[in-house]
Amino acid sequence: MIHFVLLISRQGKVRLTKWYSPYSQKERTKVIRELSGVILTRGPKLCNFVEWRGHKVVYKRYASLYFCMCIDQDDNELEILEIIHHFVEILDRYFGSVCELDLIFNFHKAYYILDEILIAGELQESSKKTVARLIAAQDSLVETAKEQASSLSNMIAHATK
Amino acid sequence: MAMSGMRGLSVFISDIRNCQNKEQERLRVDKELGNIRNRFKNEKVGYIVTSCMLNENHDFLRLIINCVRNDIIGRNETFQCLALTMVGNIGGREFAESLAPDVQKLLISSSCRPLVRKKAALCLLRLYRKNPDVVNVDGWSDRMTQLLDERDLGVLTAVMSLLVALVSKNYDAYWGCLPKCVRILERLSRNQDIPQDYMYYGIPSPWLQVKTMRALQYFPTIEDPNIRRSLFEVLQRILMGTDIVKNVNKNNASHAVLFEALALVMHLDAEKEMMSQCVALLGKFIAVREPNIRYLGLENMTRMLMVIDVQDIIKKHQAQIITSLKDPDISIRRRALDLLYGMCDVTNAKDIVEELLQYLSTADFAMCEELALKAAILAEKFAPDLSWYVDVILQLIDKAGDFVSDDIWYRVVQFVTNNDDLQPYAAVKAREYLDKPALHETMVKVSAYILGEYSHLLARRPGCSPKEIFSVLHEKLPTVSISTIAILLSTYAKILMHTQPPDPELQDHIWAIFNKYESCIDAEIQQRAVEYFTLSKKGVALMDILAEMPKFPERQSALIKKAEDTEIDTAEQSAIKLRAQQQQHTSNALVVTDQRPANRSLPVKVPSINNNAEANTADRGLTEVNGTLSRVDPQSATPSADLLSDLLGPLAIEGPPSAAAPDDQNLISGLEGVSNSSDALALAPLEEQSNSVQPIGNIAERFRALCLKDSGVLYEDPYIQIGVKAEWQAHHGRLVLFLGNKNTSPLVSVQALILPPSHLKMELSLVPETIPPRAQVQCPLEVVNLRPSRDVAVLDFSYKFGTIMVNVKLRLPAVLNKFLQPISVAAEEFFPQWRSLSGPPLKLQEVVRGVKPLSLPEMANLFNSFQLMVTPGLDPNPNNLVASTTFYSESTRAMLCLIRVETDPSDRTQLRMTVASGDPLLTFELKEFIKEQLVSIPTPSPMPALAPPQVQPTIPATGATDPGAILAGLL
């Protein structure tokens with residue numbers, strides 16, 4: 001299973017974290033610090049796996065961002081590597097050639113998308129189309145909710161005038 | 001839009017940040033959840049925030065279970081999804097117990113859309129991991145079989161993940177799923193009726209393929225020949241049909257499937273032909289440029305080593321693997337090292353070890369220690385001749401002295417001592433190394449030892465006269481540490497003894513050195529100097545006393561043991577993994593490393609203890625080397641015992657006060673140690689060895705540690721490790737015993753009986769009679785505390801390994817303090833309570849003497865560690881300590897206990913203690929309990945430098961299991 005997902009920029013800034021195993025806040029910071037030290041320093045032509053404290057971390061760099069997922073020692077590494085790519089493709093499709101800034105300003109969207117792909121550290125959906133459809137449906141729900149809210153408050157504003 | 005959409009969230013976050021305390025924070029979160037009920041957007045925000053900011057152990061989560069349940073059983077699909085996602089990501093044990101049935105219903109409901117059902121499947125997976133009992137196997141296995149007929153591949157993928165988790169714990173209930181899995185694989189591999197959405201770079205859902213094959217690996221075998229045949233057809237197609245292509249993702253995906261197929265083939269014990277096909281494929285992979293494939297090739301080849309037939313084929317790739325040892329990527333180098341280590345045998349040991357040695361000079365820091373240990377083990381295991389072995393170890397010390405643990409050089413000394421032919425050779429080699437500039441200290445130690453014993457065998461060679469050897473060794477003395485100086489002094493004494501007729505000049509020189517060290521600040525050195533000086537004046541008697549060391553009894557190599565221990569480490573990792581999956585408290589990754597330093601520090605600690613042993617055994621050596629006491633002049637013969645008591649006597653008196661009150665355990669073994677010492681030392685360990693199975697580590701120590709924490713190892717021996725993980729809630733407790741078989745053959749006739757004291761109700765779930773090789777079984781144990789008592793439950797545990805029957809009785813850490821919960825009591829509450837509990841039997845007072853001296857903060861720490869919460873400043877007298885706690889038992893329910901300790905700053909060994917509670921029995925038991933803790937406090941860490949007499953007694957025990965310790969003892 002995937003124990004956690006980390007997105008770290010080349011400068012070591014954390015852009016997204018998701019923990020499927022319980023880590024306390026202190027441990028989280030420690031993990032992030034340690035792993036950025038290991039992964040960011042690795043050269044470009046090395047393999048995508050790092051052995052770390054009895055676990056394996058599968059990572060891949062896309063532009064300035066490192067996507068890392070920590071798995072158990074006997075899990076299938078390549079499968080996870082392609083989950084990362086699957087996630088990136090969906091982000092890319094949603095944002096339209098995604099960049100780091102998209103993830104900074106719309107981090108909640110990134111979380112929604114990740115939640116549609118992974119639950120409990122396991123792959124939930126491998127169809128890009130299905131994920132895209134679900135996210136779009138959610139977005140439209142948010143929109144209607146917002147409209148309703150504003151029309152309600154308009155009505156209240158009118159009534160109390 | 002995005003920014004405005006987040007306003008609610010950012011307000012919420014900043015509110016949370018501004019909260020002064022937990023209470024406010026909780027109120028704010030509650031309010032937010034109240035908001036959630038109103039608007040979808042906020043509901044979403046609430047769930048996202050909850051799952052981002054909290055981990056599963058957060059108390060807050062308990063409060064919202066009901067809220068979440070309403071969403072799950074509600075009709076609104078969107079809310080169902082949000083709730084399932086949140087529970088799936090952070091749900092803990094409580095969620096498992098209250099939500100699992102609802103989630104199961106959703107998963108099998110025909111009215112739910114796939115998007116809900118796939119979330120339900122993974123949510124159930126999480127809950128199952130947290131508590132496997134929530135899935136009722138009987139009813140559920142048929143459901144799982146039906147679920148595998150699912151048409152929607154998203155749902156099927158999620159269901160397959162669930163199945164993997166289920167069969168990993170209990171495949172037996174799910175045989176019905178096996179044919180379905182094979183059919184799914186067939187469908188995928190033939191690309192029959194796979195929607196375009198689920199094609200990933202032209203490959204039909206690689207993830208589903210991988211998971212299905214993973215699930216199949218948990219079934220021990222496939223009986224049905226038809227199913228087996230169709231599965232092998234699929235596997236054959238995958239093995240043959242996968243090529244390396246340009247597109248990275250397609251390549252990765254197809255190889256993910258391929259490597260899983262390889263694993264399945266290995267698991268199913270395919271025909272030899274198919275196996276060699278697999279090895280051929282792997283051989284191809286380890287030669288490609290693509291680093292991922294190369295890494296996985298090496299990794300899977302290591303796994304393949306388990307299959308006996310293919311080892312010869314793997315050996316053909318040795319050269320290629322050695323190339324990978326020089327890869328720029330450390331991940332690949334590690335794999336290569338592992339593989340080389342695994343494939344080494346008598347035929348290729350020389351080549352492989354030489355490669356490792358060569359690589360050692362360029363290897364990076366991170367790998368040196370592992371490399372050195374592995375090289376040493378291989379050299380020992382497969383040495384074609386012993387002189388080669390000595391060469392290898394000396395080279396190892398020379399090239400990577402910092403990474404060579406003491407065990408390694410102890411071992412080489414044992415070999416040399418036990419093989420007469422080897423002695424001159426080793427002495428020559430040691431002498432040669434001494435001429436090198438900048439020698440590593442370990443090299444100084446080993447050469448000093450060897451030359452001390454055997455330099456007389458070289459006397460005729462140039463540069464090997466006693467004087468020359470002495471001077472070349474003595475050159476090193478100013479630069480070495482205390483422990484090496486001790487060895488050098490012994491060597492000097494030996495040289496002196498071997499120089500016949502005596503060389504007055506050399507004698508004077510060495511005497512001068514002894515004289516100088518007689519005033520050394522280190523007691524060990526001082527003692528050696530004094531004794532050697534006196535002894536060397538005894539003339540002929542010296543010859544007998546300092547004669548050559550006797551042969552060591554044959555025993556298991558400490559190194560191989562160490563390597564096995566590291567393997568156990570990994571076994572433990574998976575144990576921890578299981579624990580973390582099943583329960584919550586700690587993260588698995590971090591637990592592992594927390595434990596590691598403890599393991600690592602062991603070999604470091606040993607020598608410092610041994611130094612004390614040397615002092616002790618030096619004397620034994622004096623009288624016992626020749627086995628007969630009569631030949632030595634009476635003065636030093638009778639003292640055999642006297643010398644020892646002299647030795648122990650003054651130290652025991654002068655020793656630091658903290659060491660003056662040893663706990664019972666040590667005292668007993670201490671007596672044993674003394675009585676043993678009058679027997680021939682070389683025999684003692686032999687006897688102990690023949691004593692069936694020795695536990696690893698101190699059982700009493702382990703028990704004591706577990707009294708203070710909730711998880712750890714209760715017992716360990718070479719075959720089994722018993723771990724404990726406990727959870728305590730009020731007067732209930734739940735212990736899980738982890739029985740881990742460390743071997744490659746099963747443990748049989750396993751029996752565990754609980755002998756509960758009358759105050760505890762204990763129910764142990766069924767313990768399987770057999771523990772399969774390398775497997776771990778968990779046995780939950782429910783505990784109910786009926787009334788206060790200090791009695792301890794005992795686990796009577798037995799098993800059979802081969803012909804060895806082992807039976808141990810272990811105290812279980814279900815002790816009084818586990819049913820305490822710290823509670824802080826303010827002054828205005830404390831004093832009225834204190835006064836209302838007036839006098840015996842509710843309030844008892846006692847003056848305790850013979851307390852282990854502790855400073856006040858230390859004592860406060862001790863109290864806190866027993867869940868007795870110390871409230872500083874409550875007592876106006878700064879020398880007093882006031883603590884409060886709640887005790888839970890069925891008879892007393894929650895009962896407040898108050899404790900006051902008045903210490904005497906001028907005499908820390910005594911204090912007055914008053915304990916009060918609303919129950920006379922509780923008051924008494926708690927008082928006695930605290931008293932016990934204060935009188936014998938487990939030493940947190942041994943103080944090697946300062947605590948000589950009390951540490952010594954433990955040596956016979958350590959020595960029995962650690963040849964290195966014996967060796968050091970004999971030096």
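**Close-up views of a predicted model**

**View 1. Helix α28 of chain B, residues 504-517.** At 1.5 Å a residue, the 14 residues of helix α28 of chain B should span 20 Å, and its end C-alpha atoms are 20 Å apart, which agrees; the expected span is 1.5 Å times one less than the number of residues, and helices (H or I, at least four residues) and strands (E, at least two) are DSSP runs numbered from the N terminus. The model is predicted, so local features need pLDDT of at least 70 and side-chain atom pairs count only at pLDDT 80 or more, whereas totals for chains, interfaces and linings use all residues. Residues are numbered from 1 along each chain as its sequence is written, chains are lettered from A in the order in which they are written, and side-chain values use heavy atoms, without hydrogens and water.

**View 2. The two sides of α28(B).** Buried residues of α28(B) include B:L506, B:W511 and B:F514, where buried means under 20% relative accessible area, exposed over 50% and partly exposed in between (1.4 Å probe, protein chains only). Seen down the helix axis, the buried residues of α28(B) fall within an arc of 155° (taken from the directions from the axis to the C-beta atoms), so they line one face of the helix. The face turned away from this buried side carries the exposed residues B:P504, B:E505 and B:K516.

**View 3. Two alanines of chain A with positive phi.** A:A63, with phi near 50°, lies in the loop between β4 (55-62) and β5 (65-72) and counts as exposed at 67% relative accessibility. A:A120, with phi near 55°, sits in the loop between β6 (118-119) and β7 (122-123) and counts as buried at 1%.
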